[in-house]
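Got a minute to go through a model together? Have the sequence and the 3D view open while you read.

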Amino acid sequence: MEVQKLTTDVVIIGGGGAACRAAIEVAENGLDCIMADKGRPGRSGATPCALWSIQAPFGSRGRDERDTPEQFFADMVNGGHFIGDQNIVEIVAFNACDRILDMERYGVHFKKYDDGRFFQTPMPGQTYPRSCFMFENGQHMSTVLAKEVSRHKNIKVMKDFFAYWLLKSKDTVVGIVGIDMINGQTVVINAKNTIVATGGYASMWGFSDNPPTLTGDGIPMAFRVGADIVDLEFNQYYGTDVIWPPSVRGTVLLYELMIDEFADGEIRDKYGVPIIKKPLPIRDEAIKTIFNVIKEGRGTEHGGVLFDITQSPKGVEAARNVFVEMTPKHYQFLIDAAGLDLAKTPIEVAPASHYQCGGIYINEKGESTVQGLYSCGEAAGNFQGANRIAGTALADTQTMGAQTGGCAARDAKKKDLIPVDKKDLNLALDVIKEIMSNKTKKINPAVVKQEILETMDKYIAPFRDEKGMNRGLSVIEDLKSQLSSLYAPDINKYNLDLTEAIETKMMIESAELTFDSALFRKESRGHHNRTDYPQEDNKNWRCHTIVSNKNGKPEYSKRAVIYTRMKPED
Ligand SMILES: Cc1cc2nc3c(=O)[nH]c(=O)nc-3n(C[C@H](O)[C@H](O)[C@H](O)COP(=O)(O)OP(=O)(O)OC[C@H]3O[C@@H](n4cnc5c(N)ncnc54)[C@H](O)[C@@H]3O)c2cc1C
């Protein structure tokens, strides 16, 4: 098989907020960088789907002079149920303001008060109002970051590039293998350091507000080369995504806008009874209430609850204006695509898979447990803990994105390029050969994917128990046994059958690790609710779940959380 070979200082997989910010930092350290994205930077991943909220403790430069990085830090630690590693939370909390000023310099427009202070809104989990408001949301942020990337001549962007393999030489990661979809070429990128910024895998669940491309490819790639994976049981649900009608299914309706200061609306059961008390609780509390109401039979016809601003004490016009001003596109989209006007009718919403709190285990430099391999953004784990509070994911992409890019670049300056190990490369090429040569038995990857999605929805939604998860796991094992029958034709351009087949294999691996992580943690915390272990058990489980690769097999263990500034009270 013909293989194209490229070399660089740092290769980054991904093209979302974290990858772009990491690439900018590598370039500004004077090194060469390749950013390889299976989509197109500026338009791919979750970042363009995000709303306007990015947390930064601007204090007197924002809305509330009492706010500080220390308070932001404490809010994240508490919101995550004390299992976010504080060495990383510190980087997010103490650098968020500077990184937002970088974004402003790149061209992101933030809403300001007349005197120039940052406009900031309160959100559940924030002691003081801390969410800065980005006009045109994550879409604008993504475009501006992609434009900033393109200004750096030492960043080579490879779009429509599907990475599927991390190359290892002895005990060090030395780059990646991927498929350039544009010409069908298999490409090896040999690098001094590699950063995985592939985002989360909320799209492994059927009801999700993430784009379907977010299948968490970074997790199995990192696991294969021996990187520890952490806390996969904490897949965050968002409480209020539209469930009906199908034309708008999965659209986020901003739960946080129901607070008194904004729309002052209610989430109601099918009888019209409000189900969530004010002040609004943080997300994991809210979704538990919504799920329970649905389970008790008080849900709507299509399995949701009602998002209702029509009876707001502020008057429906004032409540409507909140949505028109804060989330104009979402408001209009519901009207255009489904004839649903929030101001005229309550809308059926339900919890949807939204964000992966776990991921690749990293330290405060973004280093994984394997030499040469870094991770940042939603692909990385161990800093959000068991739950994420609003506006911290985007803050993380910019703070840890810059931190990881900078650390990977400074480290790369000190070392030589290690050549690719031919044996390992051959293993990578075998993956493609096997799928293309398998012409007798054909299984369509899309069919397997659909079964994965259904299995995740059914057995590992926020409420789960051992019996159900074992059942789900056996479905996944059964699907795994069919993987050798996945087939793709040998074509040159946009061989989507091939990438779908590889993606499906990676999804199966991630699903297995997720089920096993959730089975391992025998307590309930944040977004992991075991009906057979309903209590939060701080004595035994205020720790990480670690999956390590022992000779190709996953091994599960506990690891202590890193506390720097705040110790939990018993
Ligand atoms: C609807 C919605 C609303 C949200 N609103 C907010 C908000 O208001 N505030 C907030 O803080 N957070 C919000 N979030 C969360 C936040 O958007 C994400 O956590 C964050 O953008 C993740 O950024 P990232 O760069 O880590 O990953 P992503 O932006 O998801 O990017 C991942 C990148 O990796 C690429 N990739 C994946 N696999 C491969 C592969 N195999 N080969 C090559 N490339 C690959 C993808 O194409 C993509 O470019 C929201 C999320 C959603 C879905």
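What follows is a set of questions and answers on domains, sheets, loops and salt bridges.

This is a predicted model, so local features need pLDDT of at least 70, side-chain atom pairs count only at pLDDT 80 or more, and totals for chains, interfaces and linings use all residues. Residues are numbered from 1 along each chain as its sequence is written, and side-chain values use heavy atoms, with hydrogens and water left out.

Q: Into which domains is the chain divided?
A: The bounds come from an automatic or database domain assignment. Domain 1 is put together from several stretches, 3-48 + 70-109 + 139-234 + 355-413. The others on the list are domain 2 (240-353) and domain 3 (422-540).

Q: How many residues of domain 2 are in contact with domain 1?
A: Start with the spacing: the centres of domain 1 and domain 2, taken over C-alpha atoms, are 32 Å apart. Contact here means heavy atoms within 4.5 Å. On that rule, 14 residues of domain 1 touch domain 2, and the number on the domain 2 side is 15.

Q: Which three residues supply 55% of the area that domain 1 buries against domain 2?
A: Buried area is the accessible area (1.4 Å probe) that two parts lose on being put together, summed over both. For domain 1 and domain 2 that comes to about 1100 Å², with 52% of it on carbon and sulfur atoms. On the domain 1 side, no other three residues give more than Phe207, Asp209 and Asn387.

Q: How many residue pairs are in polar contact across the interface of domain 1 and domain 2?
A: Salt bridges (a side-chain nitrogen of Lys or Arg within 4 Å of a carboxyl oxygen of Asp or Glu) don't help here, as the count between domain 1 and domain 2 is zero. A polar contact is a pair of N or O atoms within 3.5 Å; within protein, one must be able to donate a hydrogen and the other to accept it, and residues adjacent in sequence count only if both atoms are side-chain atoms. With both residues at pLDDT 80 or more, the number of pairs found across this interface is seven.

Q: Which are the edge strands of the sheet that holds β14?
A: Helices (H or I, at least four residues) and strands (E, at least two) are DSSP runs, numbered from the N terminus, and two strands pair if DSSP finds at least two bridges between them. This open sheet has four strands, ordered β11-β14-β13-β12 with antiparallel pairing, and the twist averages 45° from one strand to the next. The strands that pair on one side only are β11 (235-242) and β12 (266-268).

Q: What is the bridge partner of Glu266 in β13?
A: Look at β12 and β13 (residues 305-308), which run antiparallel and are joined by three bridges. In that pairing, Glu266 is matched with Asp308.

Q: In the hairpin of β19 and β20, which residue takes a positive phi?
A: The strands β19 (residues 543-550) and β20 (residues 553-560) run antiparallel, with eight bridges between them. One of the pairs is Cys543 with Ala560. Two residues lie between the strands, and the one with phi near 50° is Asn551.

Q: Which residue in β19 stands opposite Val230?
A: The hairpin strands belong to an open, antiparallel sheet of four, in the order β15-β10-β19-β20. Strand β10 (residues 229-230) is joined to β19 by two bridges. Across from Val230 is Ile546.

Q: At what angle does α13 run to β20?
A: Axes are lines fitted to C-alpha atoms, for helices over the stretch in contact, and angles run from 0 to 180 degrees between N-to-C directions. Helix α13 lies across both β19 and β20, and its angle to β20 is about 45°.

Q: What is the omega of the cis peptide bond from Lys278 to Pro279?
A: Pro279 sits in the loop between β12 and α6 (283-298). Another cis bond joins Trp244 and Pro245, with omega about 0°. For Lys278 to Pro279, omega is near -5°.

Q: How many residues apart are Glu503 and Lys38?
A: The structure holds 40 salt bridges, including one between the side chains of Glu503 and Lys38 at 2.7 Å, N to O. Glu503 is in helix α13, while Lys38 is in the loop between β2 (33-36) and β3 (53-55). Along the chain, the separation is 465 residues.
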